[in-house]
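Reader: I should be grateful for a close look at the aromatic cluster of this chain and its surroundings. Please describe the residues concerned and then set them within the chain as a whole.

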Amino acid sequence: MNLVSIRIITSNTESLVNFYEQITGISAIRYTPDFAELKTQNTTLAIGSTKTLQFFGGESVAQPAENRTAIIEFLVDDVDKEFERLKDFLSSKIVQEPTVMPWGNKSLLFRDPDGNLVNFFTPATKESKEKFTV
């Protein structure tokens, strides 16, 4: 089994796609006005409008801007550089500035326009660096 994609459902596709393009530097593939994907080396972040829910049984299947459990995580080369690059853009969306976590990653935590938590992290300890070395 291989996790290939995470999909966010939103009521404002363009705003969310633009946000993720800005923070990742990755250009989204816009298949329709209601569906786009940002492809990384290992997985894809898909963004679908509430209109796409009709294909899964209707709008009661998922609620946009209601996530309170998941964190979308991106491994970055240097979380401090990313923080400097994005701090003005993110401003009030920052939840936690770069901080070393007990499990060894240095993490920058912020929210996207829909309130989803996003974590940019860089391994900071020997153990966490070994974990993410390919």
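Author: Rings of Phe, Tyr and Trp, the last by its six-membered ring, are taken as a pair if their centres lie within 6.5 Å. On that basis the structure, which is a predicted model, holds 7 aromatic pairs. Ring pairs join Phe 19, Tyr 20, Phe 74, Phe 89, Phe 110 and Phe 120 into a cluster.

Phe 120 is a suitable point of entry. This residue belongs to strand β8, which covers residues 117-123. Its relative accessible area is 2%, and buried means under 20%; Phe 120 therefore counts as buried. Another member of the cluster, Phe 74, is 46 residues away in sequence, yet the two C-alpha atoms are 4.9 Å apart. When residues up to four places away in sequence are set aside, Phe 120 touches Phe 74 and Phe 110, both of which also belong to the cluster. The other residues that Phe 120 touches are Ile 23, Val 76, Val 79, Glu 82, Arg 85, Leu 86, Lys 106, Ser 107 and Leu 108.

Ile 23 leads from the strand to a helix, since this residue is found in α1, residues 13-24. With a relative accessibility of 1%, Ile 23 is buried. Beyond its neighbours within four places in sequence, Ile 23 is in contact with three residues of the aromatic cluster, namely Phe 89, Phe 110 and Phe 120. The remaining contacts of Ile 23 are with Glu 82, Arg 85, Leu 86, Leu 90 and Val 118. Of these, Glu 82, Arg 85 and Leu 86 are also touched by Phe 120. Helix α2 spans residues 79-90. Ile 23 and Glu 82 are 59 residues apart along the chain, and their C-alpha atoms are separated by 8.5 Å.

Glu 82 also serves as a reference point for another part of the chain. Gly 48 is 34 residues from Glu 82 along the chain, and the C-alpha atoms of these two residues are separated by 26 Å. Gly 48 lies in strand β4 and is buried, at 0% relative accessibility. Its contacts, apart from neighbours within four places in sequence, are Arg 7, Ile 8, Ile 9, Thr 10, Thr 13, Asp 34 and Phe 35.

Strand β4 runs over residues 44-49 and also contains Thr 44. Thr 44 has a relative accessible area of 12% and is likewise buried. Outside the four-place window in sequence, Thr 44 is in contact with Val 4, Ser 5, Ile 6, Glu 37, Leu 38 and Lys 39.

Among these partners, Leu 38 provides a route back to the cluster. Leu 38 sits in strand β3, residues 35-39, and is buried, with a relative accessible area of 2%. Leu 38 touches Tyr 20, a member of the aromatic cluster. Further residues touched by Leu 38 include Glu 21, Thr 24, Ile 26 and Ala 28, as well as Thr 43, Thr 44, Leu 45 and Ile 47. Leu 38 and Glu 21 are 17 residues apart along the chain, with 7.7 Å between their C-alpha atoms.

Two loop residues deserve a separate remark on their backbone. Ala 65, in the loop between β4 and β5 (71-75), has a phi near 60 degrees, a positive value in a residue other than glycine. Ala 65 is partly exposed, with a relative accessible area of 34%. Ser 91, in the loop between α2 and β6 (94-100), has a positive phi of about 30 degrees although it is not a glycine. At 45% relative accessibility, Ser 91 is also partly exposed.

The chain as a whole frames these details. There are 3 helices and 8 strands, arranged along the sequence in the pattern β-α-β-β-β-β-α-β-β-β-α. A compact globule of 134 residues would have a radius of gyration near 14 Å, and the value of 16 Å for the chain agrees with this. Its C-alpha atoms fill a box of roughly 45 × 40 × 25 Å along the principal axes. Of the 134 residues, 40% count as buried. Among contacts between residues at least 6 apart in sequence, 51% join residues at least 24 apart. The accessible surface is about 8400 Å², with 51% belonging to carbon and sulfur atoms. There are 14 positive and 18 negative side chains, and the centres of the two sets lie 2 Å apart.

Key: Residues are numbered from 1 along each chain as its sequence is written. This is a predicted model: local features need pLDDT of at least 70, side-chain atom pairs count only at pLDDT 80 or more; totals for chains, interfaces and linings use all residues. Side-chain values use heavy atoms; hydrogens and water are left out. Helices (H or I, at least four residues) and strands (E, at least two) are DSSP runs, numbered from the N terminus. The radius of gyration is taken over C-alpha atoms; the globule rule is 2.2 Å times the number of residues to the power 0.38. Buried means under 20% relative accessible area, exposed over 50%, partly exposed in between (1.4 Å probe, protein chains only). Contact means heavy atoms within 4.5 Å. Accessible areas come from the Shrake-Rupley method with a 1.4 Å probe; for residues, only the protein chains shown count as cover. Lys and Arg count as positive and Asp and Glu as negative; His and the chain ends are not counted. The place of a charge is taken as NZ of Lys, CZ of Arg, CG of Asp or CD of Glu. Rings of Phe, Tyr and Trp (its six-membered ring) pair if their centres lie within 6.5 Å; planes under 30 degrees apart count as stacked, over 60 as edge-to-face and the rest as tilted.
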